[in-house]
There are 2 protein chains.
Amino acid sequence: MEYKLAIIGFGNVGQGFAEILRDHGPRLLEQFGVRYTIVGVSDTLKGSVHDAAGLDPSDLIDAVRLSGNLDGVDVPDRGWDGAEMARLSSADIVIELSYTDLETGEPATGHIRAALEAGKHVVTSNKGPVALHYAELAAMARERGLEIGVEGTVMSGTPTVLTGMHLLRAAGIKRVQGILNGTCNYILTRMEEGSTYEDALDEAQKKGYAEADPAGDVEGFDAAGKVVILANLLMGVPIGMDDVDRTGISGLTPADIAEAREAGERWKLIGTLEPADGGVLASVRPERVPLSHPLASVGGATNAVTYSTELLGDVTLVGPGAGRIETGYSILVDLLEIHRTAPRAGR
Amino acid sequence: MEYKLAIIGFGNVGQGFAEILRDHGPRLLEQFGVRYTIVGVSDTLKGSVHDAAGLDPSDLIDAVRLSGNLDGVDVPDRGWDGAEMARLSSADIVIELSYTDLETGEPATGHIRAALEAGKHVVTSNKGPVALHYAELAAMARERGLEIGVEGTVMSGTPTVLTGMHLLRAAGIKRVQGILNGTCNYILTRMEEGSTYEDALDEAQKKGYAEADPAGDVEGFDAAGKVVILANLLMGVPIGMDDVDRTGISGLTPADIAEAREAGERWKLIGTLEPADGGVLASVRPERVPLSHPLASVGGATNAVTYSTELLGDVTLVGPGAGRIETGYSILVDLLEIHRTAPRAGR
């Protein structure tokens with residue numbers, strides 16, 4: 001079965017996904033019986049190309065590598081912005097990867113609405129629309145018999161979201177606890193190994209984990225965004241960023257680290273969700289966890305989530321939390337779920 | 001949507017599943033829009049009952065608790081054996097939970113064939129048919145547009161199988177390593193805490209983890225069965241028990257444990273699968289893993305699997321490996337997957 005794809009936003013994740021199709025297309029056809037054809041790419045900076053007959057992923061990647069834009073790719077249709085690509089392209093599925101805005105969710109939310117209105121499935125790793133507008137978008141999709149895949153919004157391609165929503169929710173989720181920010185976990189791991197906070201942050205920046213302005217990571221905003229997303233997806237409770245009781249790791253000292261170690265514990269930045277009186281309690285804060293806790297041994301930039309359930313007890317998923325290929329994979333796994341659950345989507 | 005279920009084998013897992021339906025039926029209807037109605041139960045020792053109008057799970061559980069059998073349950077049809085229940089019952093889905101035979105796979109395999117021939121989906125946690133005949137049974141199901149759910153054959157309801165098959169296989173699985181037997185892991189954990197092998201085994205037996213004859217666990221047969229199942233499910237390679245290079249834990253001494261500890265390592269009974277030249281290399285043996293390994297911190301009766309993948313790196317799932325409710329949950333999660341992926345199955 002063939003699915004035609006339009007990609008809005010062609011940065012790291014979009015290019016990572018295109019590389020996966022370039023390098024693994026024949027294997028995917030053999031293993032899953034699916035062929036994914038990119039018919040359009042629209043990017044504010046790199047330009048916009050569309051060809052209903054299909055674009056070669058190699059051509060797209062090479063063009064961006066060589067010239068930084070898509071001007072050299074030979075196509076019949078050119079210049080569509082994101083909303084136009086969502087509406088006009090010949091795609092079955094729109095992949096929304098434009099930049100993340102956790103305050104307005106735009107322009108991504110507009111792109112997703114336009115795609116659903118045009119009868120197209122949507123896959124996105126963009127946190128903005130999912131944190132702010134998931135209930136509305138999911139209802140729009142449901143009314144139209146369409147799917148909306150959001151695996152990449154939490155822990156990149158580690159299948160945290162699909163596992164939680166489809167394989168663990170029926171077990172009765174009583175609590176979700178996660179190490180949801182790799183930068184913070186890397187810093188805390190290095191501090192345990194003897195670094196100061198400042199040196200560890202500096203290293204994280206040199207390794208490309210932390211931004212030049214690290215506040216989004218170390219003050220817990222990024223983790224809080226993921227907590228908001230999980231509340232929406234798993235508990236159906238549309239909380240916002242302001243509903244998360246948030247403390248970052250920048251106040252932790254080597255003395256704090258040493259004190260925990262002496263007590264047989266370890267500091268982790270933990271995002272927590274617990275149902276409470278029809279709503280949820282949501283927090284992100286440094287917590288001392290005993291070494292026997294399933295999250296205690298998760299070191300470095302790795303992420304993890306523990307789902308505490310009524311019927312199964314604790315189930316923990318550990319895996320990568322970021323990366324261009326890893327997040328590109330989240331797009332693929334959502335596409336394959338659409339193939340598995342909505343088999344009449346393609347042709 | 002309503003699904004009618006026939007259960008073959010009404011031991012711990014069948015009763016655990018019936019308890020889940022009794023206690024969580026209204027929630028499942030609200031959360032997933034599904035109603036599961038047991039129409040038949042057939043058990044060699046407890047008797048066989050069928051009522052197309054549906055049986056109350058409470059009545060089934062209470063009858064077995066009070067009298068050890070189903071004789072007191074008032075039904076129109078009685079006395080069908082497993083194959084008859086699979087063929088004649090009014091069920092949409094047959095749940096095969098008869099006893100496990102890893103040498104012949106019978107009688108379970110016959111029940112599953114009969115159910116598929118009668119146009120019924122199948123869900124099972126029975127290792128025999130899956131270890132020995134999965135390729136044949138999956139092909140039978142596929143030809144008929146039916147599903148066969150086998151989540152409970154590995155790590156009870158921890159969604160190891162569904163995650164591996166549907167959410168990670170596309171990432172290119174290069175290696176699977178697992179702690180697949182809770183009894184062995186409990187014994188090794190206690191030995192690390194200072195017990196001798198004999199004392200730890202004795203404790204495991206008192207806690208109900210290990211059988212009176214512990215060979216199936218401690219010599220690695222149970223773990224090898226799960227390795228065989230994972231090879232069939234994830235790599236499409238139909239290996240048998242004899243293809244697993246198997247060593248148990250009964251030869252480990254306190255001196256071995258101490259030596260590993262001094263080297264910053266820990267003994268675990270690890271089942272391993274690696275693709276090799278069109279086939280797979282499969283083993284179960286005690287291995288010393290560094291404390292930084294994702295499986296090193298998995299203690300007690302808990303199980304875990306690490307999938308090493310080309311696109312995502314390592315993804316680890318940690319959760320319960322046994323238990324009546326936990327394995328009963330595996331049946332539920334397979335049923336919900338049938339609902340999600342084959343929406344025209346029920347009515």
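1. Two strands are taken as paired when DSSP finds at least two bridges between them. With that in hand, here are some notes on this predicted model, starting with the sheet in chain A. Seven strands, in the order S4-S3-S2-S1-S5-S6-S7, make up an open sheet of mixed pairing in chain A. The edge positions belong to strand S4 (77–78) and S7 of chain A; each has a single partner strand, so one side of each is left without a neighbour in the sheet.

2. Within chain A, have a look at strand S2 (residues 35–43) and strand S3 (residues 47–55), which pair in the antiparallel sense over 5 bridges. If you would like a residue to start from, try Val41(A): its bridge partner in S3(A) is Val49(A).

3. Now to the place where the chains meet. How many residues of chain B are in contact with chain A? There are 40 of them, and they touch 40 residues of chain A. The two chains bury about 3,500 Å² between them, with 61% of that on carbon and sulfur atoms. Leu167(B), Leu311(B) and Arg340(B) are worth picking out here, as they supply 20% of the area that chain B buries against chain A, more than any other three residues.

4. Polar links also cross this interface. Between chain B and chain A, 13 residue pairs are in polar contact, both residues being at pLDDT 80 or more. On the side of chain B that touches chain A, at least two residues come from each of helix H1 (12–32), helix H6 (160–168), strand S13 (313–319) and helix H12 (324–341) of chain B. Which of the elements gives the largest share? That is H12(B), with 9 residues. By residue type, this side of chain B divides into 21 nonpolar, 11 polar and 8 charged residues.

5. One feature of the contact is easy to follow by eye: strand S13 (residues 313–319) of chain A is joined to S13(B) by 3 bridges, and the two strands run antiparallel. Leu317(A) stands opposite Leu317(B) in this pairing.

6. Salt bridges deserve a point of their own. The structure holds 34 of them over all chains, and 2 are found across the interface of chain B and chain A. In one that involves both chains, Glu337(B) is linked to Arg340(A), with the closest N and O atoms 2.6 Å apart.

7. Inside chain B, Lys226(B) and Asp222(B) also meet through their side chains in a salt bridge, at 2.8 Å from N to O. The two residues are about one helical turn apart because they lie 4 residues from each other in helix H10 (residues 221–235) of chain B. Are they buried or exposed? Both Lys226(B) and Asp222(B) are buried. As for salt bridges that share partners, these join Glu337(A), Arg340(A), Glu337(B) and Arg340(B) into one network.

8. Two further salt bridges in chain B have partners with other degrees of exposure. Arg113(B) and Glu106(B) meet at 3.9 Å, N to O; Arg113(B) is partly exposed at 25% relative accessibility, and Glu106(B) is partly exposed at 30%. The side chains of Glu143(B) and Arg144(B) meet at 3.8 Å, N to O. Here Glu143(B) is exposed, with a relative accessible area of 66%, while Arg144(B) is partly exposed at 38%.

9. On the backbone, please check the cis peptide bonds. One joins Glu106(A) and Pro107(A), with omega about 5 degrees, and Pro107(A) sits in the loop between strand S5 (93–96) and helix H4 (108–117) of chain A. In chain B a cis peptide bond joins Glu106(B) and Pro107(B), again with omega about 5 degrees. Pro107(B) is in the loop between strand S5 (93–96) and helix H4 (108–117) of chain B.

10. Finally, two residues in chain A have a positive phi without being glycine. Met155(A) has a phi of about 60 degrees and lies in the loop between strand S7 (148–149) and helix H6 (160–168) of chain A. Its relative accessible area is 1%, so Met155(A) counts as buried. Ser156(A) has a phi of about 45 degrees and is placed in the loop between S7 and H6 of chain A. At 2% relative accessibility, Ser156(A) is buried too.

Note on methods: Residues are numbered from 1 along each chain as its sequence is written. Chains are lettered from A and ligands numbered from 1 in the order in which they are written. This is a predicted model: local features need pLDDT of at least 70, side-chain atom pairs count only at pLDDT 80 or more; totals for chains, interfaces and linings use all residues. Side-chain values use heavy atoms; hydrogens and water are left out. Contact means heavy atoms within 4.5 Å. Buried area is the accessible area (1.4 Å probe) that two parts lose on being put together, summed over both. A salt bridge is a side-chain nitrogen of Lys or Arg within 4 Å of a carboxyl oxygen of Asp or Glu. A polar contact is a pair of N or O atoms within 3.5 Å; within protein, one must be able to donate a hydrogen and the other to accept it, and residues adjacent in sequence count only if both atoms are side-chain atoms. Ala, Val, Leu, Ile, Met, Phe, Trp, Tyr, Cys and Pro count as nonpolar, Asp, Glu, Lys and Arg as charged, and the others, Gly among them, as polar. Buried means under 20% relative accessible area, exposed over 50%, partly exposed in between (1.4 Å probe, protein chains only).
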